[in-house]
Amino acid sequence: PANSLQRADGYRFLTQNLSQVFDLALETKDTRYPMLHNFCSPKRKLGGDNADFTYVQAWIDGNSTYRITGTRGTARFVNFVVHGQRTPLAYGGGATRPLHDPFGDMPQANIFGHQLECDWNGNFELYIGGPKRGPNWLPTTPESRKLFLRQGFDSWDEVPTTMQIERIDMTEPR
């Protein structure tokens with residue numbers, strides 16, 4: 001950049017992106033002990049994130065069964081997506097990269113917030129993988145690698161979904 005202020009902001013943006021590497025590749029990568037990871041915050045940006053959205057992911061594997069429990073909240077847009085393998089197109093393999101995900105991960109299954117069955121307080125359980133467990137279930141394949149959640153907000157008074165994830169077939173604590 002032409003001036004020192006722009007250069008400093010560029011370095012700040014770079015360190016924000018590098019900080020995600022530690023979370024995504026080290027701290028939250030063990031699918032045996034899944035963790036929900038917030039991608040963005042006022043101190044960590046991706047560069048293409050929408051200011052009216054939150055982005056959360058958890059690493060999973062296609063051989064385990066996971067359960068998310070939480071409260072639906074009032075966000076206008078909620079979408080849980082199981083992603084499969086990255087495609088070579090994500091790295092500029094000559095063809096047009098998929099438009100549905102900027103990271104090149106192929107969506108395998110998804111459920112929107114309005115499709116979640118909740119109790120009268122908005123509480124829900126969502127199962128990922130394993131045998132089908134009613135309408136709040138997302139199938140996985142051996143190639144499944146992550147769960148991605150996006151929430152979109154229309155006004156300041158909307159409440160986000162709160163949740164936690166666990167692997168159902170865990171035999172010992174982390």
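Me: What percentage of the 174 residues in the chain do buried residues make up?
Reply: The model is a predicted one, and burial here is a matter of relative accessible area, with under 20% counting as buried. Taken over the 174 residues in the chain, the share of buried residues is 38%.

Me: Which elements does the chain contain, and in what order do they run from the N terminus on?
Reply: The chain holds one helix and nine strands. Read from the N terminus on, the order of these elements is α-β-β-β-β-β-β-β-β-β.

Me: Which strands stand at the edges of the open sheet of five strands?
Reply: This open sheet has antiparallel pairing, and its strands follow the order β1-β2-β8-β4-β5. Two of the strands each have a single partner strand, so one side of each is left without a neighbour in the sheet. These edge strands are β1 (37-38) and β5 (105-112).

Me: In β2, which residue is the bridge partner of H37?
Reply: The pairing of β1 with β2 is antiparallel and extends over two bridges. Strand β2, which spans residues 53-59, is mostly covered, five of its seven residues being buried. The partner that H37 finds in β2 is Q57.

Me: How many bridges join β2 to strand β8?
Reply: Strand β8 covers residues 146-152 and runs antiparallel to β2. Within β8, L149 is the residue that stands opposite V56. The number of bridges joining β2 to β8 is seven.

Me: Which residue stands opposite F80 in β8?
Reply: F80 belongs to strand β4 (residues 77-86), and β4 pairs with β8 in the antiparallel sense over seven bridges. Seven of the ten residues of β4 are buried, so this strand is largely enclosed by the rest of the structure. Opposite F80, in β8, stands L149.

Me: Which residue stands opposite R86 in β5?
Reply: Strands β4 and β5 pair in the antiparallel sense, and six bridges connect them. Along β5, N110 is found opposite V81. The residue of β5 that stands opposite R86 is D105.

Me: Are the rings of F80 and F124 stacked or edge-to-face?
Reply: A search of the whole structure finds five aromatic pairs. In the pair of F80 and F124, the ring centres are 6.1 Å apart and the planes stand at 65 degrees. Planes over 60 degrees apart count as edge-to-face, so the arrangement of F80 and F124 is edge-to-face.

Me: How many residues apart are F80 and F124?
Reply: F80 counts as buried at 1% relative accessibility, and F124 likewise counts as buried, at 4%. The pair links distant parts of the chain, with F80 in strand β4 and F124 in strand β6 (residues 123-128). Their separation along the chain is 44 residues.

Me: Which residues do ring pairs link into a cluster?
Reply: The search for aromatic pairs covered the whole structure and found five of them. The cluster that ring pairs build consists of F53, Y55, F77, F112 and F148.

Me: At what distance from the ring centre does K29 lie over the face of W59?
Reply: For a charge to sit over a ring, NZ of Lys has to be within 6 Å of the ring centre and within 35 degrees of the ring normal. K29 lies over the face of W59, and its distance from the ring centre is 3.6 Å.

Me: In β7, which residue is the bridge partner of I128?
Reply: An open sheet of four strands, with mixed pairing, has the order β7-β6-β3-β9. Its edge strands are β7 (137-138) and β9 (162-167), each of which pairs on one side only. Strands β6 and β7 run parallel and are joined by two bridges. The bridge partner of I128 in β7 is L138.

Me: How much accessible area do Y11, L14, L18, V21, F22 and L26 have together?
Reply: These residues form a nonpolar patch on the surface. One of them, L18, is found in helix α1 (residues 4-27) and counts as partly exposed at 44% relative accessibility. The accessible area of the patch residues together is about 650 Å².

Me: What distance separates the C-alpha atoms of L36 and L147?
Reply: L36 lies in the loop between α1 and β1, and at 28% relative accessibility L36 counts as partly exposed. L36 and L147 are 111 residues apart along the chain, and the separation of their C-alpha atoms is 9.0 Å.

Key:
Residues are numbered from 1 along each chain as its sequence is written. This is a predicted model: local features need pLDDT of at least 70, side-chain atom pairs count only at pLDDT 80 or more; totals for chains, interfaces and linings use all residues. Side-chain values use heavy atoms; hydrogens and water are left out. Rings of Phe, Tyr and Trp (its six-membered ring) pair if their centres lie within 6.5 Å; planes under 30 degrees apart count as stacked, over 60 as edge-to-face and the rest as tilted. Buried means under 20% relative accessible area, exposed over 50%, partly exposed in between (1.4 Å probe, protein chains only). Two strands pair if DSSP finds at least two bridges between them. Patches are made of residues with over 30% relative accessible area and no salt bridge: like charges are joined within 9 Å, nonpolar side chains (Val, Leu, Ile, Met, Phe, Trp, Tyr) within 5 Å. Accessible areas come from the Shrake-Rupley method with a 1.4 Å probe; for residues, only the protein chains shown count as cover. A salt bridge is a side-chain nitrogen of Lys or Arg within 4 Å of a carboxyl oxygen of Asp or Glu.
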